[in-house]
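Work through the exercises below with the sequence and the 3D structure at hand. Try each task before reading its solution.

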Amino acid sequence: MKRKKILLQNVPVTGYAAEGKALAKVEGKVIFIEGAVPGDVVDVLLTRNKKDWAEGRVQQIHSFSPERVVPFCIHFGICGGCKWQMLPYEKQLEYKEQEVRDVVKRIGKLPDVTVLPILGAEKDIYYRNKLEFTFSNKKYLSKKDLETLGKDEWPGGALGYHVPKLYDKIIDITECWLMDEVNNIIRNSLREFAEKNKYSYYNIKEHKGFLRNVIIRYCTTGELMVNLVFGNEDRKEIEKISNFLLEKVPAITTLVYTINQKWNDSLHDLEPITFFGKGFVTEKLGEFNFKISPKSFFQTNTKQAEVLYNVVKDFASLKGNETVYDLYCGTGSIGIFLSKKAKEIIGVDVIEEAIMDAKENADLNHISSASFYTGDVIEICNDKFFSSHGTADVVIVDPPRAGLHPKLIGKLLEIASGKIVYVSCNVATQARDLQLLSEQYVVEKIQPVDMFPHTHHIESVALLSLKK
């Protein structure tokens with residue numbers, strides 16, 4: 001039996017909640033709303049309806065908030081990448097900072113912790129160093145498209161981003177503000193060339209098609225790498241499209257291609273083939289260089305990563321004689337960034353390719369005081385590991401969105417290092433973990449950092465000191 005759809009009409013939106021959702025109250029019930037701004041008056045179609053709260057999406061806006069601005073991207077509202085473009089950047093920062101304050105009090109139960117003013121990005125466009133676009137034979141069509149186009153006119157292919165919550169539909173992106181204009185030139189030129197040469201786009205349901213993905217990495221050093229992903233190995237056509245792209249975009253410093261005949265888009269177990277250039281690019285963070293290969297993991301906002309890492313460095317306050325454990329270290333970028341101020345850096349991560357990159361980047365920067373180990377943090381960080389590598393003076397943790405595993409929290413409480421610097425991409429799980437760690441640690445301060453303008457995502461760094 002289908003549930004009756006509930007539409008709430010003329011709802012005044014009063015604030016922002018977590019994860020970019022707006023907030024309203026109707027007859028005492030809290031409503032979390034997608035697509036609204038505080039100050040809007042909207043009709044809301046409920047998607048979840050509980051006793052004390054509900055979730056919904058905007059069906060109609062009756063009056064617009066004075067806080068709204070005109071989104072600058074023509075794909076806004078369909079593309080899920082930059083959902084906050086209708087807010088001035090200053091307001092985005094204000095709401096993000098407030099979210100950190102609220103979550104620390106509500107989930108962390110730490111009402112007296114100092115939350116510092118959020119560090120905004122100097123550039124709120126063209127800030128990403130990596131973008132990935134998908135070729136698909138299923139182009140997303142809006143309701144307007146469906147109404148105005150006859151079936152014979154429906155376009156087939158698209159090159160762009162996945163539609164949120166629709167795995168098989170791709171938005172045909174003609175402009176993207178997340179990276180320098182070079183990304184638009186590469187993507188639009190490829191689409192034009194593909195259509196001219198009648199190349200087939202990937203069909204996810206039938207698992208066939210020549211063109212699958214294009215991945216662009218554009219570094220602050222000016223180096224530009226493109227990885228073309230094909231569904232099958234047709235060397236003649238691969239050479240043809242690669243030469244075209246190199247001629248069209250002479251700024252490309254290295255071009256690689258990958259043959260992916262799997263059902264999924266993951267490339268970690270596939271070997272890219274270098275067509276032109278050295279097969280990698282070099283990025284710079286502070287005084288350190290990082291080699292980025294086609295499969296490397298790296299912070300996607302280089303400039304704000306430097307801001308973030310300087311916060312970590314400031315919070316760690318290293319004197320030069322400390323042993324620093326960098327847990328969930330990824331490619332070792334934080335540890336390497338701190339290395340000149342530490343006696344020893346010990347990094348751990350479960351992803352073998354990331355640890356290989358970390359070791360290579362330590363060598364690239366002539367750092368002999370850093371060592372990196374592959375393994376699950378909760379398994380490898382046992383008594384034997386800590387006793388063999390020395391007392392932890394400072395522990396840096398940068399876990400995935402799920403936060404710290406309870407076993408690791410227990411181990412951190414047991415080893416009782418003098419200081420923990422907790423870097424998080426999810427303030428809710430960070431707040432939960434801070435509350436658990438507060439059994440033995442004082443949470444000194446928290447620094448929010450905006451890594452991704454025009455999105456609801458927040459990076460947060462917390463400093464914890466062992467209780468005297």
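UniProt positions are given in the numbering used here, and such annotations may be inferred rather than shown by experiment. The model itself is predicted.

**Exercise 1. Annotated positions**

Find which residues the UniProt annotation "binding site" covers, then describe the surroundings of Gln299 and Asp398.

Solution.
- Step 1. In the UniProt record, an unreviewed entry, the annotation "binding site" covers Gln299, Tyr328, Asp349 and Asp398.
- Step 2. Gln299 belongs to the loop between strand 16 (288-292) and helix 5 (302-316).
- Step 3. Buried means under 20% relative accessible area. Gln299 has 18% relative accessibility, so this residue counts as buried.
- Step 4. With neighbours within four places in sequence left aside, the contacts of Gln299 are Asn129, Ala305, Leu308, Tyr309 and Met451.
- Step 5. Asp398 sits in the loop between strand 20 (394-397) and helix 10. Not counting residues up to four places away in sequence, Asp398 touches Leu327, Tyr328, Ile334 and Val423. Of these contacts, Tyr328 is also under the "binding site" annotation.

**Exercise 2. A salt bridge between two loops**

Locate the partners of the salt bridge between Asp40 and Arg68 and decide whether each is buried or partly exposed.

Solution.
- Step 1. The structure contains 20 salt bridges. In one of them, the side chains of Asp40 and Arg68 meet at 2.8 Å, N to O.
- Step 2. Asp40 lies in the loop between strand 4 (29-34) and strand 5 (41-49), while Arg68 lies in the loop between strand 6 (53-63) and helix 1 (89-106). The two residues are 28 residues apart, and the pair links distant parts of the chain.
- Step 3. Asp40 counts as buried because its relative accessibility is 0%. Arg68, at 22%, counts as partly exposed.

**Exercise 3. Two partners for Lys411**

Which residues form salt bridges with Lys411, and where do they lie?

Solution.
- Step 1. One partner is Asp383, with the closest N and O atoms 2.5 Å apart. Asp383 lies in helix 9 (residues 383-389) and Lys411 in helix 10 (residues 406-415), so this bridge ties together parts that are 28 residues apart in sequence.
- Step 2. Another partner is Glu414, at 3.2 Å, N to O. Both Lys411 and Glu414 belong to helix 10, where they are three residues apart, about one turn of the helix.
- Step 3. Lys411 has 12% relative accessibility and therefore counts as buried. Asp383 is partly exposed, with a relative accessible area of 47%.

**Exercise 4. Pocket and cavity**

Describe the linings of the largest pocket and the largest cavity.

Solution.
- Step 1. The largest pocket has a volume of about 1400 Å³. Its lining has 35 residues, and Glu34, Gly35, Arg57, Gly77 and Lys83 lie nearest its centre.
- Step 2. Strand 4, strand 6 and helix 2 (143-148) each supply at least two residues of this lining. Strand 6 gives the most, with seven residues.
- Step 3. The pocket lining divides into 16 nonpolar, 10 polar and nine charged residues.
- Step 4. The structure also holds three cavities of 30 Å³ or more. The volume of the largest cavity is about 110 Å³. There are 13 residues lining that cavity, and Cys73, Cys79, Cys82, Gln85 and Cys176 are the closest to its centre.
- Step 5. The cavity lining consists of nine nonpolar residues, three polar and one charged.

Notes:
Residues numbered from 1 in each chain as written. Predicted model: local features only at pLDDT ≥ 70, side-chain atom pairs only at ≥ 80, totals over all residues. Heavy atoms only, no water. 1 Å grid on protein atoms, 1.4 Å probe; cavity = no way out; pocket = protein on both sides within 12 Å on 5 of 7 lines; lining within 4 Å. Points joined across faces, edges and corners; volume = space filled by probe spheres on them. Nonpolar A, V, L, I, M, F, W, Y, C, P; charged D, E, K, R; others polar. Salt bridge = Lys/Arg side-chain N within 4 Å of Asp/Glu carboxyl O. Helix = DSSP H or I, 4+ residues; strand = E, 2+ residues; numbered from the N terminus. Buried < 20%, exposed > 50% of the residue type's maximum accessible area, 1.4 Å probe, protein only. Contact = heavy atoms within 4.5 Å.
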